[in-house]
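Work through the following exercises with the coordinates open. Each task is followed by a solution in steps.

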Amino acid sequence: MQIDQNKIDGYNSQSLRKHERALAFLQGEIPHAAEIISQLGEFQIAIPSWALGTGGTRFGRFPAGGEPRNLEEKIEDIGLLHRLNRASGAISLHIPWDIPEDPAHIRAVAAAHGLKFDAMNSNTFQDQPGQAHSYKFGSLQNVSRDIRQQAIEHNIEVIRHGIALGSESLTVWLSDGSCFPGQLSFRKAFENTLEGLSEIYAELPDNWKMFVEYKAFEPNFYSTTVGDWGQSLLYASKLGPKAYTLVDLGHHLPNANIEQIVALLLMEGKLGGFHFNDSKYGDDDLTVGSIKPYQLFLIFCELVDGMNARGMKHATDLGWMIDASHNVKDPLEDLLQSVEAIQIAYAQALLVDRKALTAAQERNDVVAAQEILQQAYRTDVRPMVAEARLRAGGALEPLSVYRGEQVRAGLIRRRGLVTIATGL
Ligand SMILES: [Mn+2]
C-alpha cells in the first residue's frame, strides 16, 4: 500500500502556515538551525523486519490485522513509513524469518522504496524445524562441539545472505547463559563463545562489521554469557577491529547509567550499533521516548559529543535501529512515534552549547551545567524535525496522514485480519 505524493502534499498544505510560524520563531532563537535541519535530513533509522507485526508476551498476543505476510510486504510497510517520515530508509532482516529466496528481486523491491539493508540478525535462540541439534542449553557456549558448530554455520549463512543483499554488518545476540547456579562454568562458556565468534568473524568481508549485543537477563535468569557492556567489549576487543559492542537500551539492569556506557565505548572506538526502545522495568520494548525521554536526550548528548570527538559521521558511522515490540498499538503508528522521538532527542543534543558546558565543567559550576543541558532539552524542536521531513518530501504530520488515509483498514482489506508477521 502506498500513499501518493499528491496526497502528502495536500495534507502538508493544510498545516503549512502554522508550521512556518513555529519554524520562523525557532530560527530566530537558534543561530545554527539550518545546520541542525540538514543533519536531521541525513539521519536514518533502520526498522527491523520483526517490528511490523503485533508483539506479544508469554501470556498472549492481540494482533491488529493486516500484518505483512512475507518479506516483500515487510519491505512495503517500511517503504510506507519512509515515505511519510523520510527517516526510515533501511531495513534490518532476521534469518531464518526473512530468508531472501531471490536476493536480486528483494534488492529491487527495497530499492523501489528507497531502502537499504541494515545489519543482518542471526538466530540461535530458538530451534528451527528440521534442525539437527537443540539450543536448549545454549548455542556458541554449548558444551557440545556439534551444537557450537551448527550455530557457527548458521551465522556464516546469515553473512552470505547479507552479502547477496548488500548489507554490511552482522548483529549477534545470543540468549546463551544459565538459569541456575552451577549449571555451567562461566569461564568455559566464555571461551567457547569467543572461539565460535572468532570463526564467524573470520568469514566477515573486509567492509563488514560484527556487532556483539549484550543483555543482562532473559531468557536465561541466572547468568548471561554476553551479559553486559564489559563482557561485550571483552569479546569485541579480542575479536579484532571489525567487532563492536551494540547497545540495546532495554538490555540493562534497572537504573544503569547508559549515557556513561555510551561515552566510554565511543571513547574506545568500540561502539558500533544502537537499538532504541524504552522501558519502565526490564526489556519492555516500549515506544522510544515514551517513558524516559530525558534519559534518551542525555544518551544522545554523549553520542553526539563522543562521535564529534572522534570525527565520526553521525548519520552513517553507527548502526541506528529501533528494536521494539508493539503489544497494544498499531505497529506502524508506534514506529512513526519512535522515529520522531529519536529525531527530537538528536536535535536537542545538537542544540547543547558544548563550549559553555565544558567551561561550566572546568569551573565545577554544577548549576550552570544543568541549566545548559535543560535549556536544550526544554526547547520544542519539533518544527525543525518537521521541516527536515518536508524538505525531503515527507509529511509535516506523518501520523495524521497515516490516520487520515486509514492505512491499517486498507492493509486489513488487502492482507486479511488474521496474518502473522513474526517468527516467534
Ligand atoms: Mn536488540
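**Exercise 1.** In this predicted model, find the strands that helix α7 lies across and state its direction relative to β11.

*Solution.* Take residues 229-239 as α7. This helix lies across β9 (209-213) and β11. Its angle to β11 is about 160°. Angles over 145 degrees count as roughly antiparallel, so α7 and β11 are roughly antiparallel.

**Exercise 2.** Determine which strands flank β11 and how they pair with it.

*Solution.* Start with β9: four bridges join it to β11, and the two run parallel. Within this pairing, Phe-211 has Tyr-244 of β11 as its bridge partner. Next take β12 (residues 271-276), which pairs with β11 (residues 243-248) in the parallel sense, also over four bridges. Here Leu-246 is partnered by Gly-273 of β12, and Val-247 stands opposite Phe-274. Finally, trace the connection: β11, helix α8 (residues 258-267) and β12 make a β-α-β unit, and this unit is right-handed.

**Exercise 3.** Place these strands in the whole sheet and identify the strands at its edges.

*Solution.* The sheet is open and has six strands, in the order β6-β7-β9-β11-β12-β13, with parallel pairing. The edge positions belong to β6 (120-121) and β13 (319-322). Each has a single partner strand, so one side of each lacks a neighbour in the sheet.

**Exercise 4.** Are the residues on the two faces of β11 buried or exposed?

*Solution.* Divide the strand by side. One face carries Ala-243, Thr-245 and Val-247, and these are buried. The other carries Tyr-244, Leu-246 and Asp-248, which are buried as well. The count is thus six of six residues buried, so β11 is largely enclosed by the rest of the structure.

**Exercise 5.** Describe the packing of helices α9 and α10 by axis distance, angle, handedness and contacts.

*Solution.* Two packed helices are described by the distance and the angle between their axes. For α9 (residues 293-309) and α10 (residues 331-351), the axes come within 8 Å and cross at roughly 55°. The two helices are therefore oblique to each other. Their crossing is right-handed. On the α9 side, the contact residues include Pro-293, Leu-296, Phe-297 and Phe-300. Among those they meet in α10 are Ala-341, Ala-345, Tyr-346 and Leu-350.

Notes:
Residues are numbered from 1 along each chain as its sequence is written. This is a predicted model: local features need pLDDT of at least 70, side-chain atom pairs count only at pLDDT 80 or more; totals for chains, interfaces and linings use all residues. Two strands pair if DSSP finds at least two bridges between them. Two residues are in contact if their C-beta atoms, placed from the backbone, lie within 7 Å. Axes are lines fitted to C-alpha atoms, for helices over the stretch in contact, and angles run from 0 to 180 degrees between N-to-C directions. A residue is buried if 20 or more other C-beta atoms lie within 10 Å of its own, exposed if 12 or fewer, and partly exposed in between; C-beta atoms are placed from the backbone. A crossover is right-handed if, with the strands pointing away from the viewer, the path from the first strand over the helix to the second runs clockwise. Angles under 35 degrees count as roughly parallel, over 145 as roughly antiparallel, 65 to 115 as roughly perpendicular and the rest as oblique. A crossing is left-handed if the near helix is turned anticlockwise from the far one by less than a right angle, and right-handed if clockwise.
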